[in-house]
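Dear colleague,

I am passing on the structure we spoke about, so that you can look through it at your own bench. Please open it alongside the notes below.

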Amino acid sequence: MLEFAVLGLLHEAPMHGYELRKRLHELLGAFRAFSYGTLYPTLRKLQRGGLIVEEVPEDDSARWGRRARKVYKLTAEGKERFAELLVNAGPQTWDDDSFGVHLAFFSRTPVEIRMRILEGRRRRVEERREGLRTSLSATSERIDRYTRELHRLGLESTEREVRWLNELIAHEQAEQREQDQ
């Protein structure tokens, strides 16, 4: 998923590593933490794959003995790869690790792909909710009140996410109806 996020951000504009990490945190901070230890190996992999190139801008800082920041820029192949990843809406996009990243780039995602991802995510969360309900009812008498509260918190979180997903899906459907008229 980091590859997808980096390509998506570089699709907007070339950036240096520090700026990329900052934008990743702004984009996905509530969902993931990205360290330089994961970002730079991903950047090297994308470079080896020909998806991004590294440019060192000529500026005054390099002349004064300071190392110039490397700016990463998307190649034509990188743009194609991002487009492929954008429409890849299989079950992996419904998982916790990748759903937020895909959601962050929904403004560039075709409506039918957005709907497939939202509906798939809803099914995944509904399954989790039902598992939590079953677990809570089966173990309610055998667990202490704190563990029971932890289970209840998980159940309430999944119920809230299902409601939120239903709202997003309804909004997408309403927009689609407006466009069809």
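The notes that follow deal with how the two domains of the chain meet.

This is a predicted model, in which local features need pLDDT of at least 70 and side-chain atom pairs count only at pLDDT 80 or more, while totals for chains, interfaces and linings use all residues. Residues are numbered from 1 along each chain as its sequence is written, and side-chain values use heavy atoms, with hydrogens and water left out.

The domain assignment, which is automatic or from a database, gives domain 1 (1-87) and domain 2 (104-180). Their contact (heavy atoms within 4.5 Å) takes eleven residues from domain 1 and six residues from domain 2.

The area buried between the two domains (accessible area, 1.4 Å probe, lost on putting the two parts together and summed over both) is about 680 Å², and carbon and sulfur atoms give 72% of it. On the side of domain 1, Leu-27, Leu-86 and Val-87 lose the most area to domain 2, together 59% of what that side buries.

The interface also holds one salt bridge (a side-chain nitrogen of Lys or Arg within 4 Å of a carboxyl oxygen of Asp or Glu) by the rule used. Glu-12 forms a salt bridge with Arg-108, with the closest N and O atoms 2.9 Å apart. Helix H1 (2-12), helix H2 (17-28) and helix H5 (76-87), which are DSSP runs of H or I with at least four residues, numbered from the N terminus, each supply at least two residues of the side of domain 1 that touches domain 2; the largest share, six residues, comes from H1.

With best wishes
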